[in-house]
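Here are some notes for a colleague who is opening this entry for the first time. They are set out as numbered points, to be read with the sequence and the model side by side.

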Amino acid sequence: MSISLGTPPLEILAGADTGSDLIWTQCLPCESCCEQVAPLFDPSKSSTYRNLSCNSSMCGEVLNLGCSRNRTCKYHIFYGDRSYSTRVLSAETLVMNSSGRGSVNFPNNTFGCGYDNGGFDNLTTGVVALGRGHLSLISQLGPSIGNKFAYCLVPYEQNKSSRMDFGDNAVVSGNGTVYTPLIPTVDPYYSVTLEKISVGHKNITLPCPDEDGENGNTGAIDLQPVPDPSNIGLDLCYEFGKDFKVPPMTFRFDGAEIVLGSMNTLIQVNERVSCFAFSGSDSISIIGNIVQQNFKIGFDLNNMKVAFQPTDCAHG
């Protein structure tokens, strides 16, 4: 996601993350940073940058590592893939481009200035947190966007930009739109109730002990699984022939149902092998970005609901 920070503004390309609640970017002077193609943000060159003190209310919202010698709040954030960012909690002007209004400035946004970061590729300069926590972009913009945002993810193989909307433009309605309630939680996640998964005409129930007490289930694909040749860690891979039809998968939520085609369920890892874009989890279950491709998904936090609308995201 492209945003800009500072005065004058510096564009950063950061990972959009609906599961976290701190905006941050790599900053000069870096002590241990990931290589990045874009210039690093330099706080000394912005007239609107300021450090936040340990006594600030925002400091209490992060996992902080105490104070520096000048009483500046030090933050630490880490992610499930072991990437992380550490150092100074700050305030700065954030700038976003609007399709109808040009550049829009949002002053005094809290963000992390990371001097010690790891685990990110060279195209990513930080994270734009879109979660429910107090420091996320959505919470900080809050009333100015009517507590609404939406996105439409273009299939990754098309290599095109996806669209994100805020405020009135983020209302998802019309043909094919379904809604499910957002469940209040104490964490930064957007939680919904998934009632059932079907493959073709067969419902899946997990776990399903067989006669020997082992977990098993009836498959809908009459092929022998093969190992994941990419070593990504995907659990279920097949050598699909050209004429093989993958059955659709249906997710049934509370009050809503979405049907997923092979684009939403499979990742082609080489010329012969495709793997299902699902993996087991011992903790929370996450509906990932492959499943969400070609759906316009709108979050209405005033009415605590999320909308799904099948859409050609590259053109819609």
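1. The largest nonpolar core is a good place to begin, bearing in mind that this is a predicted model. This core holds 40 residues, and those that touch the most other members are Leu94, Met96, Phe111, Cys113 and Leu137. Among the elements that supply it, strand β9, which covers residues 102-118, gives the most, with 5 residues. A second core, separate from this one, has 15 residues, including Cys73, Tyr79, Leu89 and Phe120. In soluble globular proteins, nonpolar side chains tend to be buried together.

2. Leucine 94 shows which parts of the chain meet in the larger core. When its neighbours within four places in sequence are left aside, leucine 94 is in contact with Ile3, Ser4, Leu5 and Ile23, and also with Val104, Asn105, Phe106, Asn109 and Leu137.

3. Threonine 110 deserves a look alongside the core, since this residue is placed in strand β9 and is buried, because its relative accessible area of 4% falls under the 20% limit. Beyond its neighbours within four places in sequence, threonine 110 is in contact with Ile23, Leu52, Met58 and Leu89, as well as with Ser90, Ala91, Leu135 and Gln140.

4. Is glutamine 36, a loop residue between β4 (24-26) and β5 (50-51), buried or exposed? Glutamine 36 is buried, with a relative accessible area of 16%. Its contacts, apart from neighbours within four places in sequence, are Gln26, Asn122, Thr124 and Thr125. Of these, threonine 124 lies 88 residues away along the chain, yet the two C-alpha atoms are separated by 6.8 Å. The side chain of glutamine 36 also reaches the backbone oxygen of proline 39, at 3.1 Å.

5. Two peptide bonds should be checked for their cis geometry. One of them joins threonine 7 and proline 8, with omega about 0°, and proline 8 is found in the loop between β1 (2-5) and β2 (10-13). Another runs from leucine 28 to proline 29, where omega is near 0°. Proline 29 has its place in the loop between β4 and β5 and is exposed, with a relative accessible area of 59%. From proline 29 to phenylalanine 41, which is 12 residues apart in sequence, the C-alpha to C-alpha separation is 9.1 Å.

6. Backbone angles also call for attention at arginine 87 and asparagine 147. Arginine 87, in strand β8 (residues 84-98), has phi near 150°, a positive value in a residue other than glycine. For asparagine 147, phi is near 55°, likewise positive in a residue other than glycine. Asparagine 147 lies in the loop between α1 (137-141) and β11 (148-152), and at 22% relative accessibility it counts as partly exposed.

7. Arginine 87 returns in the account of the charged pairs, where the count comes to 5 salt bridges. Glutamate 31 forms a salt bridge with arginine 87, and their closest N and O atoms are 2.7 Å apart. Because glutamate 31 lies in the loop between β4 and β5 while arginine 87 is in strand β8, the pair ties together parts that are 56 residues apart in sequence. The partners differ in burial class, since glutamate 31 counts as exposed at 55% relative accessibility, whereas arginine 87 counts as buried at 17%.

8. Glutamate 239 and arginine 272 form a salt bridge in which the closest N and O atoms are 2.7 Å apart. This pair links distant parts of the chain, 33 residues apart, with glutamate 239 in strand β16 (residues 237-239) and arginine 272 in the loop between β19 (266-268) and β20. Glutamate 239 is partly exposed, at 40% relative accessible area, and arginine 272 is exposed, at 51%.

9. Arginine 252 pairs with glutamate 257 in a salt bridge whose closest N and O atoms are 2.8 Å apart. Both residues are partly exposed, arginine 252 with a relative accessible area of 33% and glutamate 257 with 37%. Elsewhere, Arg163, Asp165 and Lys296 are linked in a network of salt bridges.

10. A last point concerns the surface, where Tyr189, Ile284 and Ile286 make a nonpolar patch of about 310 Å². Isoleucine 284 has its place in the loop between β20 (273-276) and α3 (289-292), and this residue is partly exposed, with a relative accessible area of 42%.

Terms used
Residues numbered from 1 in each chain as written. Predicted model: local features only at pLDDT ≥ 70, side-chain atom pairs only at ≥ 80, totals over all residues. Heavy atoms only, no water. Core = buried A, V, L, I, M, F, W, Y, C linked by side-chain atoms within 4.5 Å. Buried < 20%, exposed > 50% of the residue type's maximum accessible area, 1.4 Å probe, protein only. Helix = DSSP H or I, 4+ residues; strand = E, 2+ residues; numbered from the N terminus. Contact = heavy atoms within 4.5 Å. Polar contact = N/O pair within 3.5 Å; in protein donor to acceptor, adjacent residues only side chain to side chain. Patch = residues over 30% accessible without salt bridge, like charges linked within 9 Å, V, L, I, M, F, W, Y side chains within 5 Å. Areas by Shrake-Rupley, 256 points an atom, 1.4 Å probe, with all protein chains shown as cover. Salt bridge = Lys/Arg side-chain N within 4 Å of Asp/Glu carboxyl O.
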